[in-house]
Amino acid sequence: MSDKQIQAQSLMNKEQLQSPSRRAFFRRFAGPAEVELPVSEFPRPPWAMGNNEFLALCNRCNRCIDVCPRRVLRQSDESSSFLQGLPTLSLEYGSCDFCGLCVEACPTGALSRESGEKRQALALVSDHCQLTYNQSCDFCIDACEEGAIKLSASNRIEIDPNGCTGCGECSLDCYNKAISLVKRQV
Ligand code: SF4
Ligand code: SF4
Ligand code: SF4
């Protein structure tokens, strides 16, 4: 499907989503025939709606980006004109404390405490971890307030995807840059 066709579909979706009753109607009848829109490779801001609804609702106003006190939201620079400019969660140099200012600033419902998904990112550990080389280190374990990181029986870092909120603190504290935050499949 071309970008033009996708944009036309999105506009239709957006119209349907503009009033609560139409939104409910859209949700109820959006079944298998629903058009699959492009999916970003980056995590969305916390509490983002599902992909199709987010694309239909977000108007690229940047309010979420502007209000984030930790500066961890930015505009996507993906090549697809359809995805470009949409807000993404970028945790390379900062972490999110789920203060909720972004969701409160969103005027369209693209971010929603009621219907969105709070956890948009997931921590993954790579072979750059010190423990891979049998060196001792527990910085990430100490950094994780959720207790989602543990040592395995074979003395390797294990991250529990159910416990991880995607806050990014472990990655910031890893001096080997062995932990990255990736898009969670939501
Ligand atoms: S919850 Fe707070 S820190 Fe996290 S992205 Fe939103 S505004 Fe930024
Ligand atoms: S505040 Fe809402 S509508 Fe505006 S850019 Fe952020 S997610 Fe999109
Ligand atoms: S991203 Fe946050 S919750 Fe997830 S493992 Fe790292 S510190 Fe723990």
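**A loop residue, the overall fold and the ligand 2 shell**

Asn134 is situated in the loop that connects β3 (121-125) with α6 (139-143), where helices (H or I, at least four residues) and strands (E, at least two) are DSSP runs numbered from the N terminus. With a relative accessibility of 62%, Asn134 counts as exposed, a class that requires over 50% relative accessible area, whereas buried means under 20% and partly exposed lies in between (1.4 Å probe, protein chains only). Between the C-alpha atoms of Asn134 and Arg156, which stand 22 residues apart along the chain, the separation is 9.0 Å.

The structure is a predicted model, in which local features need pLDDT of at least 70 and side-chain atom pairs count only at pLDDT 80 or more, while totals for chains, interfaces and linings use all residues. Residues are numbered from 1 along each chain as its sequence is written, chains are lettered from A and ligands numbered from 1 in the order in which they are written, and side-chain values use heavy atoms, with hydrogens and water left out.

The protein contains seven helices and six strands, which follow one another from the N terminus in the order α-α-α-α-β-β-α-β-α-β-β-α-β. Of its 186 residues, 43% count as buried. Where contacts (heavy atoms within 4.5 Å) link residues at least 6 apart in sequence, 67% of them join residues at least 24 apart.

Around ligand 2 there are 14 residues, of which Cys58, Asn59, Cys61, Cys64 and Cys106 come nearest; a residue is near a molecule if one of its heavy atoms lies within 4 Å of it.
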